[in-house]
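Dear colleague,

I am handing over the structure below, and the notes that follow it set out what was found. Please read them with the structure open beside you.

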Amino acid sequence: MKLVFKIFRQSEWGAFVFGGETRGSADDLRDGYIHLSTADQVAGTAERHFAGEHGLMLAAFDAAALGPALRWEPSRGGALFPHLHGILAYAAVHWAHPLDPGPDGAHVIPALDP
């Protein structure tokens with residue numbers, strides 16, 4: 001199983017759990033798709049877009065289960081990133097783990113295997 005990941009702010013995660021689905025963050029809505037990351041991209045995404053933030057949640061999703069709405073598109077430095085062109089259902093969460101900065105300020109990334 002190939003996993004893709006989404007970092008949620010506390011309010012976004014609460015709305016996702018309560019509502020059962022999300023169209024994404026304000027950035028996702030602006031860009032027209034939900035930004036996801038591969039295991040190799042999570043740390044860079046956390047550093048670039050969530051530096052110093054507390055109360056984050058990292059959620060994993062089975063890429064294949066997201067279907068054809070998941071597209072691999074060039075982004076940061078030309079690397080292919082998974083983008084979901086559709087609604088993300090809470091039922092699709094494979095696992096979720098809190099994501100907080102460690103003593104050095106960098107987010108502590110859990111093991112990202114299935």
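To begin with one pair of residues, Phe61 stands opposite Val93 in S8. Please keep in mind throughout that this is a predicted model.

That pair belongs to a longer arrangement, in which S4 and strand S8 (residues 93-99) run antiparallel and are joined by 6 bridges. S4 also has S1 as a partner, again antiparallel and again through 6 bridges, and within this pairing Phe5 has Ala60 of S4 as its bridge partner. As for its surroundings, S4 is mostly covered, with 6 of its 7 residues buried.

Phe61 appears again in the largest nonpolar core, which has 14 residues, and where Phe8, Leu36, Phe61, Leu66, Leu84 and Leu88 are the ones that touch the most other members. Two or more residues of this core come from each of S1, helix H1 (10-19) and strand S4 (56-62), and S4 gives the most, with 3 residues. Apart from this core lies another, of 12 residues, which includes Phe5, Val42, Ala46 and Leu58. Returning to Leu88, and leaving aside residues up to four places away in sequence, this residue touches Phe8, Phe16, Gly20, Glu21, Thr22, Ile34, Phe61 and Leu66.

There is also an open sheet of 3 strands, in the order S3-S6-S5, with antiparallel pairing. Its edge strands, each of which pairs on one side only, are strand S3 (34-35) and strand S5 (70-74). Between S5 and S6 the antiparallel pairing extends over 5 bridges, and here Trp72 has Pro82 in S6 as its bridge partner.

The last item, which may matter for your own reading of the model, is the largest pocket, whose space comes to about 340 Å³. It is lined by 20 residues, of which Asp28, His35, Thr45, His49 and Phe50 are the closest to its centre. The elements that contribute two or more residues to this lining are strand S1 (3-8), helix H2 (26-31), helix H3 (42-50) and strand S6 (80-84), and the largest share, 4 residues, comes from H2. By residue class, the lining of the largest pocket divides into 8 charged, 7 polar and 5 nonpolar residues.

With best regards

Notes
Residues numbered from 1 in each chain as written. Predicted model: local features only at pLDDT ≥ 70, side-chain atom pairs only at ≥ 80, totals over all residues. Heavy atoms only, no water. 1 Å grid on protein atoms, 1.4 Å probe; cavity = no way out; pocket = protein on both sides within 12 Å on 5 of 7 lines; lining within 4 Å. Points joined across faces, edges and corners; volume = space filled by probe spheres on them. Nonpolar A, V, L, I, M, F, W, Y, C, P; charged D, E, K, R; others polar. Pairing = 2+ DSSP bridges. Core = buried A, V, L, I, M, F, W, Y, C linked by side-chain atoms within 4.5 Å. Buried < 20%, exposed > 50% of the residue type's maximum accessible area, 1.4 Å probe, protein only. Contact = heavy atoms within 4.5 Å.
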